[in-house]
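Hello,

Here is the structure I promised to pass on to you. Have a look at it first, and my notes follow underneath.

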Amino acid sequence: MTKNDFSTIYKEDFLDLIINYILCISVIIISLCFLIKFLSINTFKVSNENILVIVFVIVVSLGLISLGFYGLIILINPLKVSFLENENSNSENIELVNQLYFDLKANNLLLKANLIQFTYKKTFWSYSQTVFCFVDDNLLGLYVKTDSGPKKAFLDFGASSRTQKQLLELLANKFC
């Protein structure tokens, strides 16, 4: 596997992407319509009893609107492959990734030429993630994909991105 092949390891399903865009835009539009309709009721009188209902509706609507915008941002900027350049040879980089595998107490180690793959689960209730590592002379590539729970789009709420950043920091610290 080459660096260019590894750069395209993640594949976007066009239909899922369209469905997720429609879902995000629908959540934003429905929340805005509900908020506008609720706040435009003429017979609704503001009193001490109704203030809690008004605050609840506004908070829920704004929460759904922000979730829709968060989804659009994640869909526009998907997680990409990260590369770390170093001074190590191919075998030293393989040993470094193996050490990372044992430090994380991960499962299902699979080694194919210069591609290392393993499954990582941070805690009992977190998502199961597959970590792909590309190993070459003076280069390490890393990509994390969520396997369990929501498999597409933004519904892992940044878990893949956080794990990838954490693993990059661990690998960078092992170089020093």
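**Around Y101**

Let me start with Y101, which is buried, as its relative accessible area is 12%. Please keep in mind that this is a predicted model. F102, by contrast, has a relative accessible area of 57% and is therefore exposed.

There are six aromatic pairs in the structure. In one of them, the ring centres of Y101 and F102 lie 5.2 Å apart with 70° between the planes, which makes the pair edge-to-face because planes over 60 degrees apart count as such. Y101 also forms an edge-to-face aromatic pair with F118, at 5.5 Å centre to centre and 65° between the planes. This second pair links distant parts of the chain: Y101 belongs to helix α4 (residues 90–104) and F118 to strand β3 (residues 115–120), with the two 17 residues apart. Both Y101 and F118 are buried.

**Helix α4**

How well does the span of α4 agree with what its 15 residues should give? At 1.5 Å a residue the helix should span 21 Å, and its end C-alpha atoms are indeed 21 Å apart, so the two agree. The buried residues of α4 are N93, I94, L96, V97, N98, L100, Y101 and L104. Right after the helix comes K105, which has a positive phi, near 55°.

**The strands**

Strand β4 (residues 129–136) has seven of its eight residues buried, so the rest of the structure largely encloses it. What does β4 pair with? On one hand there is β3, in the antiparallel sense over six bridges; here I116 stands opposite C133 of β4. On the other hand there is strand β5 (residues 139–146), again in the antiparallel sense, over eight bridges. Within that pairing, V135 has L140 in β5 as its bridge partner.

The hairpin of β4 and β5 has two residues between the strands, and there N138 adopts a positive phi near 60°.

**Other aromatic contacts**

Two more items for your list:

- F6, F83 and F134 make up one aromatic cluster.
- K121 places its charged end over the ring of F124, 5.9 Å from the ring centre.

If you only have a minute, I would begin with Y101: this buried residue pairs edge-to-face with F102 and with F118.

Happy browsing, and best wishes

Conventions:
Residues numbered from 1 in each chain as written. Predicted model: local features only at pLDDT ≥ 70, side-chain atom pairs only at ≥ 80, totals over all residues. Heavy atoms only, no water. Phe/Tyr/Trp six-rings, centres within 6.5 Å; stacked < 30°, edge-to-face > 60°. Buried < 20%, exposed > 50% of the residue type's maximum accessible area, 1.4 Å probe, protein only. Helix = DSSP H or I, 4+ residues; strand = E, 2+ residues; numbered from the N terminus. Lys NZ or Arg CZ within 6 Å of the ring centre and 35° of its normal. Expected span 1.5 Å × (residues − 1). Pairing = 2+ DSSP bridges.
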